[in-house]
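The following exercises concern the structure shown below. Each task is followed by a solution that proceeds step by step.

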Amino acid sequence: MSRSGKPSVAVIGAGVAGVSFALRAAELGCEEVTVLERAHVAAGSSGLSAGVFNINATDPLNVEIRVRTRAMLDLLERENGLHLAHIGHLRLGRSEHHVELLREVIAMQADLGVETSVLLDPEQILERVPDLRVDDVLVGLWNPWDGHLDGPLLCGALVERAEALGVKIVPKQPVEAWRKREGGGHVLTTPEGEHAADVVVNAAGPWATRMGEMLGAALPLVSQVHDVIKVKLPDTVDYTVPMVQEAIPGEEAAIYFRQDGPDSLIGGEHTYSVIEELGSADPDHYRKTIPWETWEEVASRISARLPVDGLGFEPGWTGLYPISADGRPIIGPYEHDESIVACGGLGADGVTAGITLGRVAAEWAVLGEPETIGGAEVLLPDRPTLAEVKAEA
Ligand SMILES: Cc1cc2nc3c(=O)[nH]c(=O)nc-3n(C[C@H](O)[C@H](O)[C@H](O)COP(=O)(O)OP(=O)(O)OC[C@H]3O[C@@H](n4cnc5c(N)ncnc54)[C@H](O)[C@@H]3O)c2cc1C
């Protein structure tokens, strides 16, 4: 404990989750907060995302997480100069069930004081994206404030705020071992020495499973390789293509695409859940090239949704979605030792959700309960592993 009576904290991993945790812990008065990072800030999934932020989730908890994230993004844009490309987010509803669900989303957002999302009919969608195929679309959930950001720049802005409050971010410090400190707390070992703290936080992204085993605090994740495809736009497309999202939480993977540069899009396949066939990749050795079949499949589905002559497709990059068995992030202290805190499993939308979830985990560690969002108990660790979930099914 420091003089303030607040715990000293060692965070493993300087992705969005780790730096958000560190910032919130410092805001709450922790004087000794250190982030130990294997490589450099945003070296993991946070540096490889498509950077999409939106408040158009479809369940109350995720809507609330995104609305809180929006408030933080607003602050980072205003005070830290973070560039947010507000190109708008359009989620396509293609069944009566989707229409009902997307209507409920607007009500959930209104309950949280946000009233910028609207439902568009196909004609109104075409006013915004004239080339979109809408013959199978009933409505579009549209939010003009949403858009995309750059993951490393986001982490940089969070680091700037955290360092201003005294947080130490230490790159090139892979945590290799852990032991309990005599009299309470933890000692982490890196190649450069030992680091002691009252609280240890596992925010190691796709490496969190490994760190969890080391800490004796399970954080079981599957790390799924996802690909981003680049699309060259012909100059007949003289408007900004917003983020177009076919995926609906709870349903199969579907495509998304969004404007990237002046004459380019990026796109890919998106899902919020584990895809069985993908299995779990080793975060140190996973494929960095995009298989021809994936590329062809995504390209043909994007061309079908945006049937424009002269679209050109190029491979983009690959990265890992760190997903838990039930698809929900794993956030908060462990039952067997509350001074070990999980902050992982951020899945497909963690670059943005992680801003809030890191804060929630820090509030649990420092205040004993979260104050940023309600109902976060369902995210606590000590949940069944994928093998257990499968065995039960
Ligand atoms: C292709 C792709 C597209 C995506 N698109 C989006 C999107 O559009 N919007 C969105 O919100 N999310 C998106 N995501 C998801 C998002 O990127 C992740 O959920 C999020 O970045 C996870 O953040 P994290 O901080 O948990 O993990 P990471 O960013 O991976 O951070 C973990 C850190 O821990 C470090 N580390 C690991 N082991 C150790 C160790 N032993 N010691 C010290 N440090 C260690 C790593 O180097 C890394 O920096 C996308 C992901 C991918 C792959």
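**Exercise 1: Helix 6 and its surroundings**

Task: State which strands are among the elements that cover the buried residues of helix 6, and identify those buried residues.

Solution. The model is predicted: local features need pLDDT of at least 70, side-chain atom pairs count only at pLDDT 80 or more, and totals for chains, interfaces and linings use all residues. Residues are numbered from 1 along each chain as its sequence is written.

Step 1. The cover of the buried residues of helix 6 includes strand 1 (9-12), strand 9 (177-180), strand 12 (199-202), strand 13 (221-232), strand 17 (312-324) and strand 19. Helices (H or I, at least four residues) and strands (E, at least two) are DSSP runs, numbered from the N terminus.

Step 2. Helix 6 spans residues 208-215, and its buried residues are Ala208, Thr209, Met211, Gly212 and Leu215. A residue is buried if 20 or more other C-beta atoms, placed from the backbone, lie within 10 Å of its own.

Step 3. These residues lie on the same side of helix 6 because they cover an arc of only 160 degrees around the axis, the arc being that of the directions from the helix axis to the C-beta atoms.

Step 4. Gly216, just after helix 6, has a positive phi of about 70 degrees.

**Exercise 2: The hairpin**

Task: Describe how strand 18 is joined to strand 19.

Solution. Step 1. Strand 18 (residues 330-333) and strand 19 (residues 340-344) run antiparallel and are joined by four bridges; pairing requires that DSSP finds at least two bridges.

Step 2. The two strands form a hairpin, with six residues between them.

Step 3. Opposite Ile330 stands Gly344 of strand 19.

**Exercise 3: The largest nonpolar core**

Task: Locate the largest nonpolar core and examine Val201 and Ala22, which are among its residues with the most contacts.

Solution. Step 1. This core has 109 residues; a nonpolar core is a set of buried Ala, Val, Leu, Ile, Met, Phe, Trp, Tyr and Cys residues joined through C-beta atoms within 7 Å.

Step 2. Helix 8 (residues 350-367) gives the largest share, ten residues.

Step 3. The core lies between domain 1 (9-46 + 152-220 + 326-392) and domain 2 (86-146 + 222-322), because both give residues to it.

Step 4. Beyond four places in sequence, Val201 touches Val9, Val11, Ile12, Phe21, Val341, Cys343 and Ala361; contact requires C-beta atoms, placed from the backbone, within 7 Å.

Step 5. Ala22 belongs to helix 1 (residues 16-27). Ala22 is buried because 31 other C-beta atoms lie within 10 Å.

Technical notes. Buried ≥ 20, exposed ≤ 12 C-beta atoms within 10 Å, placed from the backbone. Contact = placed C-beta atoms within 7 Å. Domains from an automatic or database assignment.
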